[in-house]
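Visitor: I should like a close look at a single part of this model, the largest pocket. Which residues and elements form its lining?

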Amino acid sequence: MLCKKLHHAAFRCKDAAETVQFYTDVLGLKFAHAMGEDHVPSTGKYSPHIHIFFEMEDGSNIAFFECPEDAGEASGRDAQTPGWIQHFAFEVDSLATLEQARRDLLAKGLKVVGPTNHDDFITSIYFFDPSGHRLELTVRTCEPQRYAQFEAEAPEVLALWNQTHDWSQREKVFGAKTGYVRAPA
């Protein structure tokens, strides 16, 4: 496979120092690198910026650009895209860790949504960083043998979506009008 793992995903932030404080103090990520230019190296466009990286345990990173002279929202979302779509999702090691993180975030004054069960595949909580980026902490909650079932049914789920663009016929795949009921394997 060409792509071995995620190196980084990058978004814009409104304040690099505030972003460093949030991601190191609130989430405990490593502030791994910072660089800056007056011109974008790949395009040559004038845009003074700082580019900051935060590393996770597996070596993958998230990154941000502070670009004070460029127009646009720091969140990067257009007004028509629902606020819940664009987000970073970070995996944690257990449901107990997720529950503790929720308590810690609430104690720091952040608004937290969840925990939310997603098809017994993952359970997640949601909150926002200072630039308005939606963040998710998630834990895998299914038994490992179910991954093969999820992978096998994915084409059927996509085919149903392509036919209907709603879930009015979801029981063809999931066995119920709501939720994700499946026949035993």
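Guide: Helix 2 has the highest mean pLDDT among the elements of the protein chain, 97, and helix 4 (residues 171-174) the lowest, 78. Here pLDDT is the predictor's confidence per residue, 0 to 100; helices (H or I, at least four residues) and strands (E, at least two) are DSSP runs numbered from the N terminus. The chain as a whole has a mean pLDDT of 88, with 97% of its residues at 70 or more. The model is predicted, so local features need pLDDT of at least 70 and side-chain atom pairs 80 or more, while totals for chains, interfaces and linings use all residues. Residues are numbered from 1 along each chain, and side-chain values use heavy atoms, without hydrogens or water.

The largest pocket holds about 640 Å³ of space (an open set of 1 Å grid points for a 1.4 Å probe, with protein on both sides within 12 Å along at least five of seven lines; lining residues have an atom within 4 Å of a point). Its lining has 26 residues, and L29, M56, F90, E91 and V92 are the closest to its centre. Strand 5 (87-91) gives the largest share of the lining, five residues, and helix 2 (95-107) supplies at least two. By type, the lining comprises 14 nonpolar, eight charged and four polar residues, Gly being counted as polar.

L29 and F90 are also among the contacts of Y23 (heavy atoms within 4.5 Å). Beyond four places in sequence, Y23 also touches G28, F54, I62, F64, F88, D129 and L135.

Definitions and conventions. Grid points are joined across faces, edges and corners, and a volume is the space filled by probe spheres set on the points.
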